[in-house]
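Hi,

Here is the model I promised to pass on. Have a look at it first, and my notes follow underneath.

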There are 2 protein chains.
Amino acid sequence: MEINENLLKNIRKVEPYVPGEQPQNKVVKLNTNENPYPPAPGVQKALRELEYDRFRLYPDPTAKNLVDILAKYYHVGNDQVFVGVGSDDVLAMCFLTFFNSEKPVLFPDITYSFYKVWAGLYGIPYECPKLDGDFRIQREDYYRDNGGIIFPNPNAPTAIYEELEFIEDILRHNQDVIVIVDEAYIDFAGRSALELLAKYQNLIVVQTFSKARSMAGMRIGYAIGDPELVKCLNDVKYSFNSYTLNLPSLICGAEAVKDREYFEKVISEIVDTREWTKKELRGLGFEFPDAKANFIFAAHPDYNGEELFQALKRENIYVRHWNSERIGQYLRISIGTKEEMGILFDSLKRYISKQGDYNL
Amino acid sequence: MEINENLLKNIRKVEPYVPGEQPQNKVVKLNTNENPYPPAPGVQKALRELEYDRFRLYPDPTAKNLVDILAKYYHVGNDQVFVGVGSDDVLAMCFLTFFNSEKPVLFPDITYSFYKVWAGLYGIPYECPKLDGDFRIQREDYYRDNGGIIFPNPNAPTAIYEELEFIEDILRHNQDVIVIVDEAYIDFAGRSALELLAKYQNLIVVQTFSKARSMAGMRIGYAIGDPELVKCLNDVKYSFNSYTLNLPSLICGAEAVKDREYFEKVISEIVDTREWTKKELRGLGFEFPDAKANFIFAAHPDYNGEELFQALKRENIYVRHWNSERIGQYLRISIGTKEEMGILFDSLKRYISKQGDYNL
């Protein structure tokens with residue numbers, strides 16, 4: 001049945017974000033930057049002890065247990081912490097709450113592709129200063145008049161981390177607009193912009209449970225900022241959906257934060273594997289910016305990125321590839337276990353040696 | 001530290017929805033229409049068997065297992081089912097997706113108070129035709145030019161259910177706009193508008209796991225409609241947050257749908273308690289529209305609504321009360337267990353007899 005044209009007239013048309021594939025069969029999955037290790041053991045215990053009959057009641061809309069434990073962990077007030085259904089939900093709320101100027105919001109041309117999607121969804125004007133030839137953000141590009149700024153640190157998908165002095169420079173030049181630093185990968189990288197909160201009211205730091213805390217499947221993200229900004233975020237959130245985080249997320253999320261030792265062990269294991277992966281990839285002739293996240297953004301000067309991507313996929317190794325300007329040669333490779341990375345290297349070696357044969 | 005005025009200038013200001021209180025201590029909680037019975041036993045089993053190490057992976061963004069089982073249960077295509085984080089998330093997405101006309105969206109003056117909040121959040125114009133003196137929706141009010149229609153059936157907080165012939169009349173008069181029937185309480189009431197889907201492309205039916213399925217704590221809601229409309233909803237959802245329902249919701253949600261027998265037993269128990277509650281309240285002199293939901297919207301001609309509400313609260317019995325025009329005399333009383341309702345009746349009797357003393 002053909003649908004009535006009038007009916008379609010007032011429906012919002014959007015170009016949706018396309019997430020990385022989620023293959024359901026047995027594969028080496030290095031395509032969505034998931035953590036290869038399970039969450040903290042306390043999460044398992046909390047899940048075991050969770051009483052299913054509590055599901056009949058609404059969860060605490062203020063997510064107090066989770067907010068309090070995050071505030072304590074990061075040494076901020078509990079009126080400075082906003083939680084949501086993954087950092088995507090938190091970032092979407094930030095766009096809706098903070099980016100209401102007629103001036104363009106600024107973010108890099110090569111970055112997390114969801115920023116463009118949110119701007120499109122809410123009709124927010126934006127401009128995308130180009131990364132330089134080494135995929136670095138040029139701080140001077142962010143000194144002009146704008147309606148707000150957002151960028152990840154480390155940036156995605158380049159994995160490049162900028163030092164706090166760089167972040168502070170951008171904050172200092174933009175004290176009349178909100179600057180969001182999206183720190184999804186900060187735990188693998190270096191110092192967090194959280195240190196700058198005491199000095200800059202215009203800073204919002206967004207982090208997630210999906211990467212270093214091994215909880216992508218639970219959908220938990222958070223923003224930390226000035227209490228007044230967090231109040232604005234909560235007002236918008238309560239205008240959207242009062243009860244977002246469900247009971248298992250509230251309970252298991254809090255447990256995950258409690259275990260600092262396990263958290264640091266997992267991070268150090270992944271960083272260790274990443275450094276080994278860099279060495280191996282370099283040995284195979286790959287080139288990449290120095291990666292500080294749980295992924296590496298690598299290209300090989302002799303082989304086509306798309307073909308490499310497809311060749312790996314045929315061997316059930318999933319990495320991420322975009323057919324986009326400037327980055328079509330690159331693969332974004334998540335850091336898995338050492339065993340998984342070994343399988344990747346073997347496959348790459350086979351591919352390279354085969355191409356060698358053809359080239360003879 | 002006083003916040004920079006320029007910083008606040010471009011921040012969205014909203015009047016957030018105020019959810020019912022969620023007291024944490026031991027109380028008789030009849031204020032947010034929760035189900036007094038636990039979810040289906042299969043949910044407990046699924047929760048027990050859930051492997052916490054799967055939390056490290058993103059959940060299926062298409063929520064296929066849940067969508068498929070809902071489609072099968074309601075005899076619709078799986079391209080006709082959209083799922084979200086509670087029906088509030090689903091409804092918020094519907095507002096964003098479907099209500100983009102310059103003409104006002106129509107909903108009743110007395111209804112679910114979130115409709116006004118979403119319209120405010122997205123800057124959607126709206127008008128609120130008045131319910132009549134018996135709190136009934138006047139269908140003729142919805143025959144005029146408009147940008148879309150939404151109302152709950154049964155309506156909230158009145159608990160009045162309208163027959164399908166009434167719904168169909170509104171659908172027939174509005175074939176160029178989307179009509180959303182919010183059926184959060186339909187399982188306690190009567191026939192669902194889902195029956196009309198085959199005839200009306202402009203119909204979206206929204207339901208929830210929070211009431212009859214005892215899963216308020218898990219945050220699961222869904223919309224069913226024409227495949228083309230569901231595609232538009234999904235496009236907007238993927239532009240907002242690709243991964244919304246977390247793993248426990250996907251798994252436990254599907255389990256809850258499987259057990260039709262338990263579902264029907266719980267509903268029949270609640271309906272039974274509701275009918276008994278009606279008799280008891282009538283005996284105490286309360287007046288109310290015929291309630292078809294899991295709550296009753298009742299007022300007493302001799303006692304002030306606000307005072308009654310406070311008196312019950314002092315005895316740790318929570319019901320819902322709004323200090324609003326036309327409904328300030330009313331209490332919305334959720335249907336709990338027979339034991340909980342007995343405690344309520346005893347408290348009301350004490351209150352009434354005390355007032356009698358004062359009146360001597």
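To compare the copies, I superposed them by least squares on the C-alpha atoms of residues with pLDDT of at least 70 in both. As that cut-off suggests, this is a predicted model, so please read everything below in that light.

With that fit, a turn of 180° and a shift of 0.0 Å along the axis lay chain A on chain B, with an RMSD of 0.0 Å. The two copies are thus related as by a two-fold rotation axis. If you want to find that axis on the chain A side, go to A:Arg48: its C-alpha is the nearest one in chain A, 3.2 Å from the axis. The contacts tell a matching story: 100% of the interface residues of chain A are interface residues in chain B too, so the copies meet through the same surface.

Now for the largest pocket. Its volume comes to about 1200 Å³, and 47 residues line it. Nearest its centre you'll find B:Tyr17, B:Thr111, B:Ser113, B:Arg320 and B:Trp322. Two elements of chain B, α4 (86–98) and α5 (114–122), are the ones that give two or more residues to the lining. Of these, α4(B) provides the largest share, with four residues.

Which domains of chain B does the lining draw on? At least three residues come from each of domain 1 (5–37 + 261–359) and domain 2 (41–259). As for chemistry, the lining splits into 21 nonpolar, 13 polar and 13 charged residues.

Cheers

Notes: Residues are numbered from 1 along each chain as its sequence is written. Chains are lettered from A and ligands numbered from 1 in the order in which they are written. This is a predicted model: local features need pLDDT of at least 70, side-chain atom pairs count only at pLDDT 80 or more; totals for chains, interfaces and linings use all residues. Side-chain values use heavy atoms; hydrogens and water are left out. On a 1 Å grid over the protein atoms alone, a cavity is a set of points where a 1.4 Å probe fits but cannot get out, and a pocket is an open set with protein on both sides within 12 Å along at least five of seven lines; lining residues have an atom within 4 Å of a point. Grid points are joined across faces, edges and corners, and a volume is the space filled by probe spheres set on the points. Ala, Val, Leu, Ile, Met, Phe, Trp, Tyr, Cys and Pro count as nonpolar, Asp, Glu, Lys and Arg as charged, and the others, Gly among them, as polar. Domain bounds come from an automatic or database domain assignment. Contact means heavy atoms within 4.5 Å.
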